[in-house]
Amino acid sequence: MPPRTRGGYTSDAPRRRPTGSERRRRVHLREVDPVPDPDPVEHPQHDRDETEEVFEGARGGPIDRSILRSFHKHVAAKIWLGEDRAPLKLVNHGAKLQLWELDMERSRIYETVHRSGLAPLTSCSHRVASRPMLSAFCERWQPETTTFHMPFGEMTITLDDVASILHIPVTGSMISFPQPLRVDDANALLVELLGTTDVEASRETEQCRSPSIRLLWLRDHFSTITDASSDDDIMFATRAFLLHLVGCTLFADKSATSVAVVYLELFRDLSMVGSYAWGAACLAYLYRQLTTATRFEAWIYEHFPEMFSSPDMSYTESRPRALRWRPHVIPDSLQSVRERLDRLQISEVYWEPYVDHRAEHPLPDIAWYSGCLKCGQVVEPYHPERVLRQFGYIQTIPPRPFTPPRLDRSILLEQYWERWTDHVLTDQSRGRRCHYSGSGESVPEYMAWYDRISHHIVQPPQLRSGFTTDARSSLPSHAASTSDTRAARALTLLRLVISGGREQSVDVFWGALNEAHGILAGSDETSASHSTPSPAPASHSTPSPATLPFFSPATFVYPPAASDDPPPLIVPPPPASVAPPAASGPPPPLIVPPPPASVAPPAPAPDSSAPAPDSTASTTVYVRAKRKKKT
């Protein structure tokens, strides 16, 4: 018998490429006719991808790969190798919600929506968001731990965040579906629960090419129904409104125009809608979508208000925390936001942002639940022990994250969820509370462990903005010199002072303005204490990146108030290139109030008989002359 080759054919037969079915049967062919290869060739086994070798011991990649096992496939790994990407595309349904509002003519629909616990979602969708901000945080999301890997440790969106930001129920029955919905089943569900015809349902699912329907189709068919309509029509319109609501908020997908029909099954019995754990389902769906893109800007505003947010001064604590912020588009680039997060300090994080909200919305006990969350076919782990600092406790080294169970064990998962009180973290697992509220403390060995298993530097040093190739590796990570980074530091400084209120002394405000001026000017001569203005140099040269000032809230010390007198107004002299305006007489002198006792008095005025000093060394303030039009 002629010898057989690896493809299962004899060497005498003509060689041809095996088909797909033959590839699938290859294992069975070898079992039936186990003829060894006459010339076996040793092929090296590649247990790891080539990308993994690059990160072995790299400063930006994990040294211990036991936690982030799929890091070589992560988007942060591609960025570290220089394969940059543009900001993610955002899908915003905030405007769609305003196209279908429940007024007084639809009070019966609103009453049912209010009893369901989903009424706050009608006003919690932001109409604008920053693509670079959301994209930079998505790049830090690690699916193995379901946490953001920040420079100082892990953070995540908890059940407490969902309950406080959206005010929707986080306890109740787990949202589960028996199996994925087919198109024929979706058509039957539309006919039964929305009262449409078979032809209309088939036409809509065919247009979507999936068991989904368009949000526009729901508005066109059901938004005109009022309290004067029949009871059946009102029931159909209520289900359609709830499906439209969750499709625009909790379960929005990348299609940007449609919603899955499978969620309509949750609204079959309208009296049972409020019994579902909508917050837990939302969080499971959010964890899965964070690997690609999603909307979670309200969480960023709460924990990083000094970097990205703008508060709404008319907000009251009785409303959802999502309404506390005025969303706005950050003018920074994606690379700039990456570098800002790489330099983020632990003192710049609001670990417990809901302290003032506890009177209206206490911390739910289920926020300490440690297990799996489920939303239909999506199952994601939930690890509060990895983010103890967000609950006011000292962070310890957490146990290894567990893998979610298979979907065929969904019944056991639902039983596990129903007994969630048996699976919350004990007092021993929570450990000790932080010595100061919001301090974000951790045990001494935590950061050494975290540096080994984590990837918390997304922007590679050789690609940071504002540095030369020779200086990139030696300069500290905070020594950027781009204009957007300077503006971000100055704004962070000013926001910190403004948040202190009007009770602060004038010296505090003056010190902050002086520091912000030095940051924006790029000068290393900024001082935290009062001083007289020094003469302007003959020419302004660009300082080196290593000498640029950097503000850190943890280290900045405001100047003490020396006296009750206001500090002098210090205006820097004009550059040498700007000539004083031509006038018939000398310009009027600037009247400066007397300085405090701790400030050295300025040099005495020169004698009138003495010659006038040079304009480049004078402290007299001139007004910039207008340029003459060319004739």
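**Exercise 1. Determine whether C282 is buried or exposed, and which cysteine sulfur is nearest.**

Step 1. C282 has a relative accessibility of 10%. Buried means under 20% relative accessible area, exposed over 50%, and partly exposed in between (1.4 Å probe, protein chains only). C282 therefore counts as buried.

Step 2. The model is predicted: local features need pLDDT of at least 70, side-chain atom pairs count only at pLDDT 80 or more, and totals for chains, interfaces and linings use all residues. Residues are numbered from 1 along each chain as its sequence is written, and side-chain values use heavy atoms, with hydrogens and water left out.

Step 3. A disulfide is a pair of cysteine sulfur atoms within 2.5 Å. The sulfur of C375 is the nearest to that of C282, at 8.5 Å, and C282 is in no disulfide. By this rule the count is zero disulfides.

**Exercise 2. Classify the ring pair of F137 and W299 and locate both residues in the helices.**

Step 1. Rings of Phe, Tyr and Trp (its six-membered ring) pair if their centres lie within 6.5 Å; planes under 30 degrees apart count as stacked, over 60 as edge-to-face and the rest as tilted. The search of the whole structure finds 26 aromatic pairs.

Step 2. The ring centres of F137 and W299 are 6.4 Å apart and the planes stand at 90 degrees, so the pair is edge-to-face.

Step 3. Helices are DSSP runs (H or I, at least four residues), numbered from the N terminus. F137 belongs to helix 7 (residues 131–138) and W299 to helix 14 (residues 297–303), so the pair ties together parts 162 residues apart in sequence.

Step 4. F137 and W299 are both buried.

Methods. Helices (H or I, at least four residues) and strands (E, at least two) are DSSP runs, numbered from the N terminus.
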